Amino acid sequence: MTAAIFAAFWAVSILFVITPGMDWAYAISAGMRGRVVIPAVTGLLLGHLIAILIVAAGVGALVASHPVALTLLTLMGAAYLLWLGIQLLIHPAMPGGSQDPGPGAWHSWTLKGICVSSLNPKVFLLFLALLPQFTDPAAPWSLPMQMMALGLVHIASCAIVYLLVGYGAQAILTTRPRAALRVSQLSGAAMIAIATLLFADRVIA
């Protein structure tokens, strides 16, 4: 694989990374909770890695070719996202940068981050549609290895952007509790809206 292929893939991948969505909403809520940005972003990245591994192993194409399996994945992701959105509306994330969350909270935010991204069917379908387009069957590397290498480029971009989003929210909103409340509520509402659209997409399909 050449540097040009990596650069071309990165140019397409970064457009998806910088587009606000459920990952952004989760990173923002973590930033307002205090010292949980790193575990939250780590969870998001692990979720993306799981999706990449599934696609690279060939299981992704198998799942995508079976509508029932894809529908189940979508409904699971939508249900979890709906639950997170409702929780954010009921218990909005408020600035708490001075609080030590403890190891239990770190594990919880990491696990929730894994679920947010790995159960997101849009992430799965993105990799399924995008990764094969930038592989070369004649290259010395196997196709799974090429997909993994491209996936790591995507994950690196995600790490930078999500950390900036999380810490940016913490820095900007820590001293603005009213704005933090509104942003948290908007994040929860966005999660609920995305979940509703996912449900509707499956029902209409």
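These legends walk through a few views of a predicted model.

**View 1. The whole chain is a run of helices.** Welcome to the overall fold: the chain has 9 helices and 0 strands. Following the sequence from start to end gives the pattern α-α-α-α-α-α-α-α-α. Of the 205 residues here, 42% count as buried. Residues 24 or more positions apart make up 87% of the contacts in the chain that have a separation of 6 or more. On the outside, the chain exposes about 10000 Å², with carbon and sulfur atoms supplying 75% of that area.

**View 2. Helices H3 and H4 mark the two ends of the confidence range among the elements.** For the chain, the mean pLDDT is 79, and 80% of the residues reach 70 or more. Helix H3, residues 37–56, has the highest mean pLDDT of the elements, at 91. Helix H4, residues 59–64, has the lowest, at 59. A friendly word of caution: where pLDDT is low, the predicted coordinates should not be read in detail.

**View 3. The largest nonpolar core brings together 47 residues.** The members that touch the most others are Tyr26, Val116, Phe127, Leu131, Tyr162 and Met191. Elements giving two or more residues to this core include helix H1 (3–17), helix H2 (22–33), helix H5 (67–90) and helix H9 (177–204). Helix H8 gives the most, with 10 residues. In soluble globular proteins, nonpolar side chains tend to be buried together.

**View 4. Phe127 meets residues from elsewhere in the sequence.** Set aside its neighbours within four places in sequence, and Phe127 is in contact with His48, Ala51, Ile52, Val55, Pro132 and His154. Phe127 is also one of the core residues that touch the most other members.

**View 5. Gly47 is a buried glycine in helix H3.** The relative accessible area of Gly47 is 0%, so this residue counts as buried. Not counting residues up to four places away in sequence, Gly47 touches Ile114, Ser117 and Ser118. Look also for Ile155: this residue is 108 residues from Gly47 along the chain, yet their C-alpha atoms are separated by 9.9 Å.

**View 6. Two cysteines differ in their exposure.** Cys115 is partly exposed, with a relative accessible area of 21%. Cys158, in contrast, is buried, at 0%. A disulfide is a covalent bond between the sulfur atoms of two cysteines. The structure holds 0 disulfides.

Methods
Residues numbered from 1 in each chain as written. Heavy atoms only, no water. pLDDT = per-residue confidence, 0-100. Helix = DSSP H or I, 4+ residues; strand = E, 2+ residues; numbered from the N terminus. Disulfide = S-S within 2.5 Å. Buried < 20%, exposed > 50% of the residue type's maximum accessible area, 1.4 Å probe, protein only. Contact = heavy atoms within 4.5 Å. Areas by Shrake-Rupley, 256 points an atom, 1.4 Å probe, with all protein chains shown as cover. Core = buried A, V, L, I, M, F, W, Y, C linked by side-chain atoms within 4.5 Å.
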